[in-house]
Amino acid sequence: MKRLSKHHIFPAVLLIAFGAVLGVQLDTYLTDEDLGTQLDKMRQALVVMNKEYVDPLDAADVAEEGIEGMIGSLDPHSTYIPADRAEDVKDQYQGSFGGIGIVFEVPNDTARVISPVAGGPSEEMGVMAGDRIVGIEDSSAVGLSSNEIQNSLKGEIGTEVRITVYRPTMDDRLDFTLTREEIETQSVRSPYMVDEQTGYINITRFTMKTHDEFREAASTLLDQGMERLVLDLRGNPGGVMRSSWQIANEMLGEEMTIVETKGRSEQMNRTISARPGGMLADQPIIVLVNRGSASASEILSGALQDHDRAFIVGRRTFGKGLIQKQFDLGDKSVLQMTVGRYYTPVGRLIQSPYERGDRENYYQDKFSTINQATYHLNDYRDSIPDSLAYQTDHGRTVFGGGGILPDYVVQPDTTALTHLVQSGLDYAFARKYFTEHETDLRETWQERPEDFQASFKPSEDMIDAFWSFAGENGVEITENPDSVNTSERVYAAQTAQEEKDFVATRVKGYLARLMYGRGVARPILNRADPIFQEAMSLWSSSQDLAAYHSKTAAPSIQQN
């Protein structure tokens, strides 16, 4: 028998969650006689605890404990969102909030403005990239976390907030009184033309506005001559499912199934199909995915894969095929509970297997499986039973059982220095270097992002500084070939020399991100991104798939 955690000791939250919140509607939920009996028992337990427990109890704390315990007994993706976090979650889905319009990070103990949002309150009042936020209203902002600063700066549209910034280039403090405006959180980032025919769009999450953002980005790229698209969903955790359906609709033919949902409610049992008129009806498309691609990302990539509409490249996705609905509990807290499952057009359940109430083993098993699909691809494929092998519209084999397995898996070379650099060493060094040289970099390049992209080149001294930084963090570069041991992070000096351009590009990309934001950084970083570069060599397979949708014959498709 499982030992109950403290969260299961306080189930009396039902008194609050169903009684106080739903009030006169309570009887609607108690058609089951047993449920009513259990609710009475919980009421009695709360009364007894409140009256007889050795220490005074706080009803709100008991409620929090109880609801977390109950939700923990369900599937691994149902969750309780406390009132103090619910508004932030809502903003993520809505795609907008009341704020001052800045992109910032907190590298140490002080927030640094990466860039003001174009046309937002901060830009209009003169807040500049590089400013340090040292005060908010009458309180110090030094030492606050990113979330604490964000919560202090957000608020009702039309209200004012005063901030104090330190500007390193002037060695002075400046005060700004800013009126909060509706700030749109961009979910479609870094659209650009890779070459004369290839467009690139990155979707970071799905909000209510993602489809409009996608159409705008795609339209701009089409006007610039885009004939084929790289759609990057790596690290996209999902969000609003409807947005993923709408984007799939732009690429699929009329009446093609996008996703099927199933649940206890009749309203949940439905099939979503594409409508005519998509703006990307037959262009070759490559979709990039990885272990961070989940939920709505898997709906989109799964639909495009099942219909042979896009070539999926990267690594196996997360495997979240459960649909959550938000239930307001009356005090602004939210019960985000699973109400259904979604299936790809050919019938694949994307959700990884789980046992109710066992979240720890769920994540252990999930990431073990993802690692196998990443590092031991053939063994992973062999482990999938025939019952979970499906056929796409044109006869290709795809797999269920958890996540989307790409058509072409880019397996990392763990013995390569590039793998080590990408583990975060490059970004950590760029932040350190930027902090030490920020004034000079901004004076030279801040107003010249295009020139920075085209002509900035890390110096030999900077690359030497990178290897010194790597040495301080456990990496050894040796001249003795016999001493090389990649498992111990000992690499050959010749390898380091061969990878000099790779390191320089990665560092340059992250310096661009710190100075300008992701839009300028992404084209640079893609030049040193093994998955992106591998994808760019696979256009023949994507073109073959596109041929199915342009009524021409399609030859065989490359897979690994």
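This section describes the nonpolar cores, aromatic pairs, charge–ring contacts and salt bridges of the structure. The model is predicted, and local features were accepted at pLDDT of at least 70, side-chain atom pairs at pLDDT 80 or more, and totals for chains, interfaces and linings over all residues. Residues are numbered from 1 along each chain as its sequence is written, and side-chain values rest on heavy atoms, with hydrogens and water left out.

Nonpolar cores were defined as sets of buried Ala, Val, Leu, Ile, Met, Phe, Trp, Tyr and Cys residues joined through side-chain atoms within 4.5 Å. Burial denotes under 20% relative accessible area, exposure over 50%, and partial exposure the range in between (1.4 Å probe, protein chains only). The largest nonpolar core has 41 residues, and those with the most contacts inside it are I201, I203, F214, L231, I258 and V287. At least two residues of this core are supplied by each of several elements, including strand 11 (198-203), helix 7 (210-223), strand 13 (257-263) and helix 9 (296-306); helices (H or I, at least four residues) and strands (E, at least two) are DSSP runs numbered from the N terminus. Helix 9 gives the largest share, five residues. Leaving aside residues up to four places away in sequence, I258 touches W245, A248, N249, L252, I272, S273, A274, I299, A303 and P345, where contact means heavy atoms within 4.5 Å. Apart from the largest core lies another, of 37 residues, with F429, F452, V503 and L525 among them.

Aromatic pairs were assigned to rings of Phe, Tyr and Trp (its six-membered ring) with centres within 6.5 Å; planes under 30 degrees apart count as stacked, over 60 as edge-to-face and the rest as tilted. The structure contains 15 such pairs. One of them joins F429 and F466 edge-to-face, at 5.5 Å centre to centre and 90° between the planes. This pair links distant parts of the chain, with F429 in helix 12 (residues 417-445) and F466 in helix 14 (residues 460-472), 37 residues apart. Both F429 and F466 are buried. The rings of F452 and F456 are stacked, because their centres lie 4.6 Å apart and their planes meet at 15°. F452 is buried at 0% relative accessibility, and F456 is buried at 10%. A single aromatic cluster is formed by F318, Y354, Y362, Y363 and F367.

A charge was taken to sit over a ring if NZ of Lys or CZ of Arg is within 6 Å of the ring centre and within 35 degrees of the ring normal. The charged end of K262 lies over the ring of Y343, 4.7 Å from its centre, and that of R513 over the ring of Y427, 5.2 Å from its centre.

Salt bridges (a side-chain nitrogen of Lys or Arg within 4 Å of a carboxyl oxygen of Asp or Glu) number 19. In the bridge between R132 and E438, the closest N and O atoms are 2.5 Å apart. R132 belongs to strand 5 (residues 132-136) and E438 to helix 12, so the pair ties together parts 306 residues apart in sequence. Both R132 and E438 are buried. D306 and R348 likewise form a salt bridge, with closest N and O atoms 2.5 Å apart, and both are buried. Salt bridges with shared partners join E105, R112, R132, E438 and R442 into one network. D138 and R162 meet at 2.4 Å, N to O; D138 is exposed at 73% relative accessibility, whereas R162 is partly exposed at 27%.
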